[in-house]
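These are my notebook entries on what I looked up, contact by contact. I began with the charged pairs and then turned to the helices and the surface.

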Amino acid sequence: MPGASGASGFLASGLGVALFSSAVFGLSGSFAKALLETGWTPGAAVTARLTGAALVLAVPAVAALRGRWHQLRNNWLTILLFGLIGVAACQLFYFNAVARLSVGVALLLEYLAPVMIVLWLWAASRRRPQALTIAGTLLSLGGLVLVLDLTGAVKIDVVGVLWGVAAAVCLAIYFFITAKENDTLPPIVLASGGLMAGAAVMWLAAATGLLPMAASTADTRLGPWVTPWWVALGGLVLLATVLAYVSGIVAARALGSKVASFVSLTEVLFAVIWAWLLLGELPGPVQLLGGILIVGGVVLVRWDELRRPARFGAELDHANDVEPVP
């Protein structure tokens with residue numbers, strides 16, 4: 001059948017899998033906010049998510065190692081930094097932003113990370129990036145002004161904005177950490193190890209009283225449905241983390257990490273759609289326009305990176321095929 005073969009070809013190309021990964025990753029903000037609105041703290045939601053996903057991914061990670069445990073020993077620092085910054089800190093800051101802002105605005109702030117990287121490399125190297133990258137950076141910064149809508153009717157929580165910017169900083173740092181070529185560690189092992197390290201840090205912070213931890217068994221509301229708390233938590237763990245990671249790794253292997261990360265920008269669109277359907281949450285018209293400018297600017301930066309792999313964009317490479325947990 002022509003339709004079936006076309007669908008199979010779309011999935012085989014990796015593009016369909018990458019879009020699916022973005023769609024399920026985009027669920028995280030909605031599931032998390034449903035829990036936060038019933039009394040969960042961001043720390044408790046992050047800890048439960050990391051712990052559950054780490055346990056599920058441990059099985060395929062052990063299979064991928066096939067007894068080659070020296071790979072963990074040789075890459076322990078990468079795994080630890082990924083767990084601390086790319087998983088625990090990035091996600092905790094994002095969930096804190098989600099608790100105070102709409103899901104779409106929080107994620108848009110986090111996706112300013114590529115722009116931060118461009119500005120940092122420009123300042124550090126004193127080497128002017130290409131015109132397309134400069135245009136994308138300016139477009140995203142202009143979009144940020146509209147997203148914040150400082151003079152509009154929509155009031156933005158300043159603390160929430162700071163949390164979102166902190167998540168973007170962690171995302172940018174993660175990309176620098178993993179910029180070095182590393183083919184010795186299977187991506188599923190990095191993902192599982194990072195989740196375990198992140199979960200361990202969160203439990204330690206909770207045990208020492210540094211991180212407020214509170215959970216609730218009250219029902220959650222997702223769209224028109226009132227569901228038990230474990231439905232939102234299960235979706236956060238299994239759909240928005242485990243399934244999202246596995247499909248993201250498959251897509252990155254098929255498309256390459258650069259192209260896959262480019263396609264992952266559609267996560268913002270999916271996150272806004274899910275927040276609208278499940279939470280009745282939609283940014284204002286000015287914020288939506290700002291979001292389009294931010295995503296458009298990041299697209300230009302990534303496009304320039306793909307066109308000029310040997311120049312300025314080369315310093316943004318990350319070869320591990322694993323994105324931080326949004």
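Entry 1, charged pairs. In this predicted model I looked up the side chains of arginine 100 and aspartate 157, and I found that they meet in a salt bridge, with N and O 3.2 Å apart. The pair links distant parts of the chain, since arginine 100 sits in helix 6 (residues 76-100) and aspartate 157 in the loop between helix 9 and helix 10 (158-177), 57 residues apart. I noted arginine 100 as partly exposed because its relative accessibility is 44%, and I gave aspartate 157 the label partly exposed as well, on a relative accessible area of 25%.

I then asked myself how many salt bridges the structure holds. The count came to 2. Glutamate 281 forms a salt bridge with lysine 33, and here the closest N and O atoms are 2.9 Å apart. This pair also links distant parts of the chain, with glutamate 281 in the loop between helix 14 and helix 15 and lysine 33 in helix 3, 248 residues apart. Are these two residues, glutamate 281 and lysine 33, buried or exposed? I found glutamate 281 buried, and lysine 33 is buried too. As a reminder to myself, side chains of opposite charge can pair when their charged atoms come close.

Entry 2, helix 3 and helix 12. Having met helix 3 through lysine 33, I checked how helix 3 (residues 28-36) packs with helix 12 (residues 229-255), and I read an angle of about 155 degrees with the axes 9 Å apart. Because angles over 145 degrees count as roughly antiparallel, helix 3 is roughly antiparallel to helix 12. I recorded the crossing of these two helices, helix 3 and helix 12, as left-handed.

Within helix 12 I picked out glycine 234, which counts as partly exposed because its relative accessibility is 25%. From C-alpha to C-alpha, glycine 234 is 9.7 Å from alanine 53 in space, although the two are 181 residues apart in sequence.

Entry 3, arginine 49. I located arginine 49 in helix 4 (residues 42-65). Its relative accessibility is 0%, so I entered arginine 49 as buried, the cut-off for that word being under 20%. Arginine 49 and threonine 241 are 192 residues apart in sequence, yet their C-alpha atoms are 7.7 Å apart.

Entry 4, helices 7, 8 and 9. How many residues of helix 7 (residues 103-110) are buried? I found 8 of the 8 buried, so helix 7 is largely enclosed by the rest of the structure. Among these buried residues I noted Val103, Leu107 and Glu110.

For helix 8 (residues 113-125) and helix 9 (residues 131-148), I read axes that come within 10 Å and cross at roughly 125 degrees. The two helices, helix 8 and helix 9, are therefore oblique to each other, and their crossing is left-handed.

Entry 5, a nonpolar patch. On the surface I looked up a nonpolar patch of about 580 Å², made by Leu269, Ile273, Trp276, Leu277, Leu282 and Leu288. Which helix gives the largest share of the nonpolar patch? I traced that share, 4 residues, to helix 14 (residues 266-279). Leucine 288, by contrast, is placed in helix 15 (residues 285-307), and I noted leucine 288 as partly exposed because its relative accessible area is 35%.

How values were computed:
Residues are numbered from 1 along each chain as its sequence is written. This is a predicted model: local features need pLDDT of at least 70, side-chain atom pairs count only at pLDDT 80 or more; totals for chains, interfaces and linings use all residues. Side-chain values use heavy atoms; hydrogens and water are left out. Patches are made of residues with over 30% relative accessible area and no salt bridge: like charges are joined within 9 Å, nonpolar side chains (Val, Leu, Ile, Met, Phe, Trp, Tyr) within 5 Å. Accessible areas come from the Shrake-Rupley method with a 1.4 Å probe; for residues, only the protein chains shown count as cover. A salt bridge is a side-chain nitrogen of Lys or Arg within 4 Å of a carboxyl oxygen of Asp or Glu. Buried means under 20% relative accessible area, exposed over 50%, partly exposed in between (1.4 Å probe, protein chains only). Axes are lines fitted to C-alpha atoms, for helices over the stretch in contact, and angles run from 0 to 180 degrees between N-to-C directions. Angles under 35 degrees count as roughly parallel, over 145 as roughly antiparallel, 65 to 115 as roughly perpendicular and the rest as oblique. A crossing is left-handed if the near helix is turned anticlockwise from the far one by less than a right angle, and right-handed if clockwise.
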